[in-house]
Structures are given as structure tokens and as C-alpha cells.
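Work through the exercises below with the model in view. Try each task before reading its solution.

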Amino acid sequence: MGIFKKKTVTKIYDKENKKPVIKASICNGEQVAGFKDIHTGKIEEVMLIRNQADLDIFKRMYGIDEEIEKEY
């Protein structure tokens, strides 16, 4: 029916001061997507990435088209 279809709302982030990154753990391989402040280096974690579908959701949520850098 489609009455209760989930809408995708594009959220915004400060593109001048923050860049999207994936923080990956060397020990257990856990990955968290978020934004890194380019001035302070502090990472704001947004969501856990378990597979490619989660990464695609994160990119779509924030309108990110380019490849996201991984940090260990």
C-alpha cells in the first residue's frame, strides 16, 4: 500500500569544518561512520557500519557521493 513508507530526509553537516570518515578498529574490525573536525581532529560518531548497506544508508542520509576515508 505504501501509506507508511519511510521517507529519506537528507541531513546536513558543516562541510567547511568537518569531513566524513569511517573509524575502524584494528582489534575487532568494528566500523563507525561519523564526521571529523578538520581543525581539532575530534570525531563525532553517527552510526555503526555493519555492512555495505549501512554505509549506503549513511551516505544517502547526508548526501555524500565521494569515497569515505577510513581511519584506524
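**Exercise 1.** Is Tyr62 buried or exposed?

*Solution.* Start with the ground rules. This is a predicted model, in which local features need pLDDT of at least 70, side-chain atom pairs count only at pLDDT 80 or more, and totals for chains, interfaces and linings use all residues. Residues are numbered from 1 along each chain as its sequence is written, and side-chain values use heavy atoms, with hydrogens and water left out.
Now take the cut-offs: buried means under 20% relative accessible area, exposed over 50%, and partly exposed in between (1.4 Å probe, protein chains only). Tyr62 has a relative accessible area of 10%, so Tyr62 is buried.

**Exercise 2.** Find the element that holds Tyr62, then place that element in the whole protein.

*Solution.* Helices (H or I, at least four residues) and strands (E, at least two) are DSSP runs, numbered from the N terminus. Tyr62 belongs to helix H1, residues 52–62. Next, count the elements: 1 helix and 4 strands. Along the sequence they read β-β-β-α-β. The protein has 72 residues, and 31% of them count as buried.

**Exercise 3.** Describe the sheet: its order, its edges and its twist.

*Solution.* Two strands pair if DSSP finds at least two bridges between them. The order is E3-E2-E1-E4, in an open sheet with mixed pairing. Its edge strands are E3 and E4 (69–71), each pairing on one side only. On average, neighbouring strands are turned by 35 degrees against each other, direction ignored. Here axes are lines fitted to C-alpha atoms, for helices over the stretch in contact, and angles run from 0 to 180 degrees between N-to-C directions.
Now zoom in on one pairing. E2 and E3 are antiparallel, over 6 bridges. Gln31 has Ile49 of E3 as its bridge partner, and Val32 has Leu48 of E3. The hairpin of E2 and E3 has 5 residues between the strands, and Gly41 there takes a positive phi near 85 degrees.

**Exercise 4.** Which residues of H1 are buried, and what do they pack against?

*Solution.* List them: Asp54, Leu55, Phe58, Lys59, Met61 and Tyr62. Look down the axis of H1: these buried residues fall within an arc of 160 degrees, so they line one face of the helix. The arc is that of the directions from the helix axis to the C-beta atoms.
Then find their partners. Contact means heavy atoms within 4.5 Å. The buried residues of H1 pack against E1, E2 and E3. H1 lies across these strands and runs at about 135 degrees to E3.

**Exercise 5.** Which residues does Tyr62 touch outside its neighbours within four places in sequence, and what makes up the largest nonpolar core?

*Solution.* Tyr62 is in contact with Thr10, Lys11, Ile12, Tyr13, Phe35 and Val46.
A nonpolar core is a set of buried Ala, Val, Leu, Ile, Met, Phe, Trp, Tyr and Cys residues joined through side-chain atoms within 4.5 Å. The largest one has 12 residues: Tyr13, Ile22, Ala33, Phe35, Met47, Ile49, Leu55, Phe58, Met61, Tyr62, Ile64 and Ile68. E2 (31–37), E3 (43–49) and H1 each supply at least two of its residues. H1 gives the largest share, 4 residues.

**Exercise 6.** Classify the ring pairs that Tyr62 makes with Tyr13 and with Phe35.

*Solution.* Rings of Phe, Tyr and Trp (its six-membered ring) pair if their centres lie within 6.5 Å; planes under 30 degrees apart count as stacked, over 60 as edge-to-face and the rest as tilted. The count comes to 5 aromatic pairs.
Take Tyr13 and Tyr62: 6.2 Å centre to centre, 75 degrees between the planes, edge-to-face. Tyr13 sits in the segment before E1, 49 residues from Tyr62 in H1. Their C-alpha atoms are separated by 7.4 Å. Tyr13 has 16% relative accessibility, so Tyr13 counts as buried.
Now take Phe35 and Tyr62. Their centres are 4.9 Å apart and their planes at 75 degrees, so this pair is edge-to-face. Phe35 is in E2, 27 residues from Tyr62. Last step: Tyr13, Phe35, Phe58 and Tyr62 form one aromatic cluster.
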